[in-house]
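User: Could you choose one part of this model and go through it closely, residue by residue where that helps? I'd enjoy a connected account that also places the part among its surroundings.

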Amino acid sequence: MDIFCTDLDQTLIYSYKHEIGKAKRCVEIYQGREVSFLTEKTYQLLSELKKRIGIVPVTTRTMEQYHRIDLGIGKFRYALTCNGGVLLVNGEREQTWYEKSLEMVESSKTELQQAARCLERIKDRTFEVRLIEELFLFTKCRHSQIAARQLQENLQLRFADTLTNGEKLYVVPKVLNKGMALQRLRAYTGALRVFAAGDSVFDLPMLEQADLAIAPAAFGQMEEFCLRKGQIYLMPGNRVFSEELLEFLFGYI
């Protein structure tokens, strides 16, 4: 069995803030607003791809946030949420997987507690500090990269990383990454080949572990990527990334 592990936001689906053309369909409604979209071409490609290979969404979204999404092509047998800490099987949490995730992050608990106290004191924070599923911290700051650097310098984190995405700031145990999740999923499913796609530093560990990995052209500008670029195919960036990556993937399945 082959599987395709894919990030969701900015890889397959795009927020209302992102221009992807007029030929699109809404895939997420939040508080009565249409917030995420899929291009029609991506929808067609995904529909066909799902007949040929197991598609596994891999996201930092929580279970609740993930369940808001409906791509219109039916449910997926497997999905990884919370940066790989929670496995959903037919939409339900796989408890053994989650318990193992909790064991894995145990050594990071003290640092997460320290980081939470520091984040509570940040003046430009625009969101509460949340401990997601007892696995990692999340908040929002106007200057998230500055806050992340301050955390690393002041706490000298050994077991956790600080990651940012716009205003979003995460403090995540080093072992709780999408690459480790892919390794665990490969063992769980017995997959022979694993393909992967993603667009951010969160996805880099997953892309490293895949048999074939796909990223957007801009990914090549990331400092973290420069040491590992031989393992990842970069798309030209002439069209929406979701369409480019899916058409490219069809050449390998």
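Analyst:
**Around one core residue and a nearby sheet**

Setting aside residues up to four places away in sequence, L71 touches I13, V27, L38, Y43, L46 and F76. Please keep in mind that this is a predicted model. L71 is a good place to start, since L71 and F4 are the residues with the most contacts inside the largest nonpolar core, which has 46 residues. Helix α8, residues 241–249, supplies the largest share of this core, with 4 residues. Apart from this core lies another one, of 22 residues, and L80, A181, L207 and A213 are among them. As general background, nonpolar side chains tend to be buried together in soluble globular proteins.

Now to the sheet. This is an open sheet of 3 strands in the order β2-β4-β3, and the pairing is antiparallel. At its edges are β2 (14–15) and β3 (24–30), each of which pairs on one side only. In general, the strands of a sheet pair through backbone hydrogen bonds. β2 is joined to β4, residues 33–39, by 2 bridges, and the two run antiparallel. The antiparallel pairing of β3 with β4 extends over 6 bridges.

F37 in β4 is a handy landmark. Y14 stands opposite F37, and F37 is also the bridge partner of C26. Following the chain from β3 to β4, you come to a hairpin with 2 residues between the strands, where Q31 in the turn has a positive phi of about 50 degrees. Most residues other than glycine have a negative phi, so this backbone angle may catch your eye if you plot the torsions.

A similar flag belongs to Q10, which is not a glycine and yet has a positive phi of about 70 degrees. Q10 lies in the loop between β1 (2–6) and β2. With a relative accessible area of 29%, Q10 is partly exposed.

The loop between β2 and β3 holds I20. Is I20 buried or exposed? I20 counts as buried, because its relative accessibility of 10% is under the 20% cut-off. Leaving aside neighbours within four places in sequence, I20 is in contact with Y14, F37, L38, T39 and V240. Two of these, Y14 and F37, are the residues that stand opposite each other. L38 is found among the contacts of I20 and among those of L71, so it connects this loop with the residue we began with. In sequence I20 and L38 are 18 residues apart, while their C-alpha atoms are 8.3 Å apart in space.

Charged side chains add another link to this region. E40 and R25 meet in a salt bridge, with 3.2 Å from N to O. E40 lies in helix α1 (residues 40–49) and R25 in strand β3, so the pair ties together parts that are 15 residues apart in sequence. How covered are the two partners? E40 is partly exposed, with a relative accessible area of 23%, and R25 also counts as partly exposed, at 28%.

For context, the structure holds 18 salt bridges. One of them brings together R239 and E247, whose side chains meet at 2.6 Å, N to O. R239 counts as partly exposed at 39% relative accessibility, as does E247 at 34%. Further, D9, E28, R61 and R68 are joined into one network by salt bridges that share partners.

A useful contrast is the salt bridge of K178 with D203, in which the closest N and O atoms are 2.7 Å apart. This pair links distant parts of the chain, with K178 in helix α6 (residues 178–189) and D203 in the loop between β13 (193–197) and α7 (204–209), 25 residues apart. Here K178 is buried, with a relative accessible area of 2%, and D203 counts as buried at 0%. The E40 and R25 partners, by contrast, are partly exposed.

To finish, a brief look at the surface. Y233, Y252 and I253 make a nonpolar surface patch of about 250 Å². Y233 is found in strand β15, residues 232–234, and is partly exposed with a relative accessible area of 39%. In the segment after α8 you will find G251, which counts as exposed at 64% relative accessibility.

How values were computed:
Residues are numbered from 1 along each chain as its sequence is written. This is a predicted model: local features need pLDDT of at least 70, side-chain atom pairs count only at pLDDT 80 or more; totals for chains, interfaces and linings use all residues. Side-chain values use heavy atoms; hydrogens and water are left out. Patches are made of residues with over 30% relative accessible area and no salt bridge: like charges are joined within 9 Å, nonpolar side chains (Val, Leu, Ile, Met, Phe, Trp, Tyr) within 5 Å. Accessible areas come from the Shrake-Rupley method with a 1.4 Å probe; for residues, only the protein chains shown count as cover. A salt bridge is a side-chain nitrogen of Lys or Arg within 4 Å of a carboxyl oxygen of Asp or Glu. Buried means under 20% relative accessible area, exposed over 50%, partly exposed in between (1.4 Å probe, protein chains only). A nonpolar core is a set of buried Ala, Val, Leu, Ile, Met, Phe, Trp, Tyr and Cys residues joined through side-chain atoms within 4.5 Å. Contact means heavy atoms within 4.5 Å. Two strands pair if DSSP finds at least two bridges between them.
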